[in-house]
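Trainee: I am new to this structure and would like a close look at a single part of it. Please take one chain slowly and then set it beside its partner.

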Amino acid sequence: MSTEDTLTSENPQESAPSANYSEIIYNGLWKNNPALVQLLGLCPMLAVTSTVVNALGLGLATMVVLMGSNVAVSLIRNYVADAVRLPAFVMIIASFTTCIELIMQAYTYELYQILGIFIPLIVTNCAILGRADAFASRNPVLPSALDGMMMGLGFTVILVVLGGMRELIGQGTLFSDMQLLFGDMALHWKLVVFANYPDVLFAMLPPGAFIGLGLLIALKNFMDEREQKRLAAQKAQQGPAESKRVRVTGQTAS
Amino acid sequence: MALLRITSPHTQRAGRRTSWVMLMVMLATVPGIAVQTWLFGWGTLINIAIAGIAALLSEALILSIRRRSVAFFLKDYSALLTAVLLGIALPPTVAWWVTVTAVAFAIIFAKQLYGGLGNNPFNPAMVGYAIVLVSFPVPMTQWVGAHELLASGAVPTFSQSLQAIFQHLPNIDSYTMATPLDGFKHKNELSSAAAFSSIDALQLPSLSSWLWINGAYLLGGLMLVWLRVITWHTPAALLAALALMAGVFYLFDPAHAASPWFHLTTGAAMFGAFFIATDPVSSCTSNRGKLVYGAGIGILIYIIRTWGGYPDGVAFGVLLMNFAAPLIDYYTQPRTYGHQKAKKGLKIGEDN
């Protein structure tokens, strides 16, 4: 797993917290975004993002599980033997998933029915196990909680954007059925962008999700490239540094 | 396209440029377009015009975003050919936005995002067709009915076709009917004989109109073979495989299967065999490979027509075999002159 590599190389000592909070936030939301860069949790992402409300529901559920499991894993990180750590993590994640499943069953029953199997399947979302193993098991509670939240938020944002794209292209509406998640106050949130819109089934089927995700990834790469070019141009203007060691492998700092 | 005839001395290449080949393919569709216009009214021509404009605009847009020479790539007519093929494949009274969606998707996603002409793994026209077929199933099945129309000679006029495409023609339902393949697909429990005597779409005027269309595309296709724009391998293998599949099942179960003649003369059999499957970019290159590729499409067409969810299977058959084309090429490399037998793929550390 690429995250593990980068993170272990960043944190050579197990107990030393990589307590740079702004870096954790930047990693989760942009640089190491679970949906756009790590491409983890593709199965729920492609299957349920047909509308904003589905995407938001699953995103929030994943975020809660991710935060909870990160905190729990971080708490037990010094008491679980290395050999059994993965089963232990999976048990923790499964308990949190069961909790969120029961909560959704109690409060948002219709959404629970729409999302169906993909709520229990949060257990198998690699992003969660990946964060537990790569980050939470080597960091204190607070950074772990923040990491879980930011990774979950990054995942949710991409899910919602993808859901919005697919809902807009597929049905010509936005925020339909938001009352499933927010109760009666959201009854009139539905935004009919195009009236008399013929349903584009393709956007609502999984192939449309693949193409939408591809476009989002392309957009991110494009923005990163432009930012790099801008930085390079800035550097060139400032002139070369005094001495420069050439590195041809690995990630170069700065 | 130009690969077909490139051999030294290269002076003989004169005239066989991409644009010439594309132009010849477009010209070869003229008999088929003429027959479709005669049978279905002006819809096909209007579709082709809309598709052509949309194709050129989207190609120019993407080329300028990709910072390529716009005029140079527009002049190779490849975008226009995609538009012509799509305009033919879409139903004649389909709304204009369906055509525009199909063409824009074909050019932008299936062709330019992969790197433009020569780099697309899938046939752009069929990708566009499949997208709109999946997205808008209802308008895509409304073909102009030839049964009563032909009998009374009341083909939609130019203005009626225009109205059907740009607004909603109120009596569109009286003009449309199922194609023979659609009718045969939905015969449900009827036996073949009962279906052919009771279902509208399977009556003689409907069948013979599709026979005419397929005959016209066969004529155009043979012209292309004669001009050596395409080789005979892919279409022959496709049609033979389709006929063989149909023949075998017809022999065993004549009460429910349709005859090979029916399969060869309805739907997009000839059009697909000569104009779609022979796309030089996304199909196989070696002659043996072309035979395998064409046969695969023929078998898939029969399978989709008979047991699949769609009445015709040319688009999906071609797309599925496009997936397989690199693998087929890998295993059907011809013998290199001076070598004992063909090398199958890369053999590192060995040299024969």
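Mentor: What follows is an account of chain B, from its overall make-up to its domains and helix contacts, with chain A at the end.

The model is predicted. Chain B is built from 19 helices and two strands. It has 352 residues, and 49% of them count as buried. Among contacts in chain B with a separation of 6 or more, 72% are between residues 24 or more positions apart.

The chain is divided into two parts: domain 1 covers 41–177 and domain 2 covers 181–332. Taken over C-alpha atoms, the centres of domain 1 and domain 2 of chain B are separated by 21 Å. Where they touch, domain 1 of chain B gives 21 residues and domain 2 of chain B gives 19 residues. On the domain 1 side, α5 (78–89), α7 (124–135) and α9 (147–152) of chain B each supply at least two residues. The largest share of that side comes from α7(B), with six residues. By class, the side of domain 1 of chain B that touches domain 2 of chain B has 16 nonpolar residues, five polar and no charged ones.

Now the helix pairs. Helix α3 of chain B spans residues 43–65 and helix α6 of chain B spans residues 96–111; their axes come within 9 Å and cross at roughly 35 degrees. The crossing of α3(B) past α6(B) is right-handed. From α3(B) the contact uses Asn47(B), Ile50(B), Ala51(B), Ala54(B), Ala55(B), Ser58(B), Glu59(B) and Ile62(B), and these meet Trp96(B), Thr99(B), Val100(B), Val103(B), Ala104(B), Ile107(B) and Ile108(B) in α6(B). Sorted by class, the residues of the contact of α3(B) with α6(B) are eleven nonpolar, three polar and one charged.

A second pair joins helix α15 (residues 233–252) and helix α18 (residues 287–307) of chain B, which pack at an angle of about 35 degrees with their axes 7 Å apart. Here too the crossing is right-handed, with α15(B) passing α18(B). Residues of α15(B) in the contact include His233(B), Pro235(B), Leu238(B), Leu242(B) and Met245(B), while those of α18(B) include Asn287(B), Lys290(B), Tyr293(B), Gly294(B), Ile297(B) and Tyr302(B). The contact of α15(B) with α18(B) has 17 nonpolar residues, five polar and one charged.

That leaves the partner. Chain A has eleven helices and two strands. Read from the N terminus, its elements run α-α-α-α-α-α-α-α-β-α-β-α-α. Of the 254 residues in chain A, 37% are buried. Residues 24 or more positions apart make up 80% of the contacts in chain A with a separation of 6 or more.

An unreviewed UniProt entry lists residues 55–76, 88–107, 113–132, 144–165 and 200–219 of chain A under "transmembrane region". In the model, residues 88–107 of chain A are 100% helix and 0% strand, and the end C-alpha atoms lie 29 Å apart. Residues 144–165 of chain A are likewise 100% helix and 0% strand, with 31 Å between the end C-alpha atoms.

Finally, the two chains meet through six residues from chain A and five residues from chain B. The side of chain A that touches chain B consists of six nonpolar residues, with no polar and no charged ones.

Note on methods:
Residues are numbered from 1 along each chain as its sequence is written. Chains are lettered from A and ligands numbered from 1 in the order in which they are written. This is a predicted model: local features need pLDDT of at least 70, side-chain atom pairs count only at pLDDT 80 or more; totals for chains, interfaces and linings use all residues. Axes are lines fitted to C-alpha atoms, for helices over the stretch in contact, and angles run from 0 to 180 degrees between N-to-C directions. Helices (H or I, at least four residues) and strands (E, at least two) are DSSP runs, numbered from the N terminus. A crossing is left-handed if the near helix is turned anticlockwise from the far one by less than a right angle, and right-handed if clockwise. Two residues are in contact if their C-beta atoms, placed from the backbone, lie within 7 Å. Ala, Val, Leu, Ile, Met, Phe, Trp, Tyr, Cys and Pro count as nonpolar, Asp, Glu, Lys and Arg as charged, and the others, Gly among them, as polar. A residue is buried if 20 or more other C-beta atoms lie within 10 Å of its own, exposed if 12 or fewer, and partly exposed in between; C-beta atoms are placed from the backbone. UniProt positions are given in the numbering used here, feature names are shortened, and annotations may be inferred rather than shown by experiment. Domain bounds come from an automatic or database domain assignment.
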